[in-house]
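Got a minute to look at a fold with me? Have a browse through the sequence and the model first, and then we'll talk it over.

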Amino acid sequence: MKLAEYTQTLEDRINAWIKALEANFYKHHPKDDRCPDYLKYEVHPGAKYYKLCMLTARGNGEYGASVHAFIHKQTGAVFKPASWRQPAKHVRYNLMDDASYQDCLQRANWTGGDLYLR
């Protein structure tokens, strides 16, 4: 079966990617009672892109935010962030392409290392 049969929409694929990123983090940093949700992700829709933000616990009940990636709303292209407001120039993955999407899930790295050009 193809991946498209399970995850039809771009939003479904973004959510699956988020689960893979969280699984990658908690594989190396197991949850404990002191900080059960150290890392989480939020998706913020913009005019052209979804901004995938990574939130990390500061220890006082608050979270610090950084941009993990930008996802083009029309094409599903994934970009590494150049800044808080804009993506870098080159496409890293395309979530709507089954082969690229599978590669994205397999290489998912909470640090963003998988978003560097190779």
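Below are some questions and answers on this predicted model.

Q: Which residue is the bridge partner of Lys51 in β3?
A: Start with where Lys51 sits: it's in strand β2, residues 49-57. That strand runs antiparallel to β3, with nine bridges joining the two. Across in β3, the bridge partner of Lys51 is Phe70.

Q: What backbone oxygen does the side chain of Lys51 reach?
A: Lys51 is buried yet has no salt bridge. A salt bridge needs a carboxyl oxygen within 4 Å, and the nearest side chain of opposite charge, Glu42, is 10 Å away. Trp84 is among the residues in contact with Lys51, leaving aside neighbours within four places in sequence. At 3.1 Å, the side chain of Lys51 reaches the backbone oxygen of Trp84.

Q: Which residue in β4 does Phe70 stand opposite?
A: Two bridges join β3 to strand β4, residues 77-81, and the pair runs antiparallel. On the β4 side, the residue opposite Phe70 is Phe79.

Q: Which residue in the turn between β3 and β4 has a positive phi?
A: There are two hairpins to keep apart here. The hairpin of β2 and β3 has five residues between the strands, and there Gly59 takes a positive phi near 100 degrees. β3 and β4 form a hairpin with four residues between them, and the turn residue with a positive phi, about 85 degrees, is Gly76.

Q: Which element supplies the largest share of the largest nonpolar core?
A: This core has 22 residues, and Trp17, Tyr41 and Leu52 are among those that touch the most other members. At least two residues each come from α1 (10-28), β1 (39-45), β2, β3 (63-72) and α2 (98-107). The largest share, eight residues, comes from α1.

Q: How many residues make up the second, separate core?
A: Nonpolar side chains tend to be buried together in soluble globular proteins. Here a separate core includes Tyr49, Val67, Phe70 and Ala77. Its full count of residues is five.

Q: How many of the ten residues of β3 are buried?
A: Leu52 gives a feel for the surroundings of this strand: leaving aside neighbours within four places in sequence, its contacts include Ser66, Val67, His68, Ala69 and Ile71. Lys51, with the same neighbours left aside, has Val67, Ala69 and Phe70 among its contacts. β3 is mostly covered, and its number of buried residues is seven.

Terms used
Residues are numbered from 1 along each chain as its sequence is written. This is a predicted model: local features need pLDDT of at least 70, side-chain atom pairs count only at pLDDT 80 or more; totals for chains, interfaces and linings use all residues. Side-chain values use heavy atoms; hydrogens and water are left out. Buried means under 20% relative accessible area, exposed over 50%, partly exposed in between (1.4 Å probe, protein chains only). Lys and Arg count as positive and Asp and Glu as negative; His and the chain ends are not counted. A polar contact is a pair of N or O atoms within 3.5 Å; within protein, one must be able to donate a hydrogen and the other to accept it, and residues adjacent in sequence count only if both atoms are side-chain atoms. Contact means heavy atoms within 4.5 Å. A nonpolar core is a set of buried Ala, Val, Leu, Ile, Met, Phe, Trp, Tyr and Cys residues joined through side-chain atoms within 4.5 Å. Two strands pair if DSSP finds at least two bridges between them.
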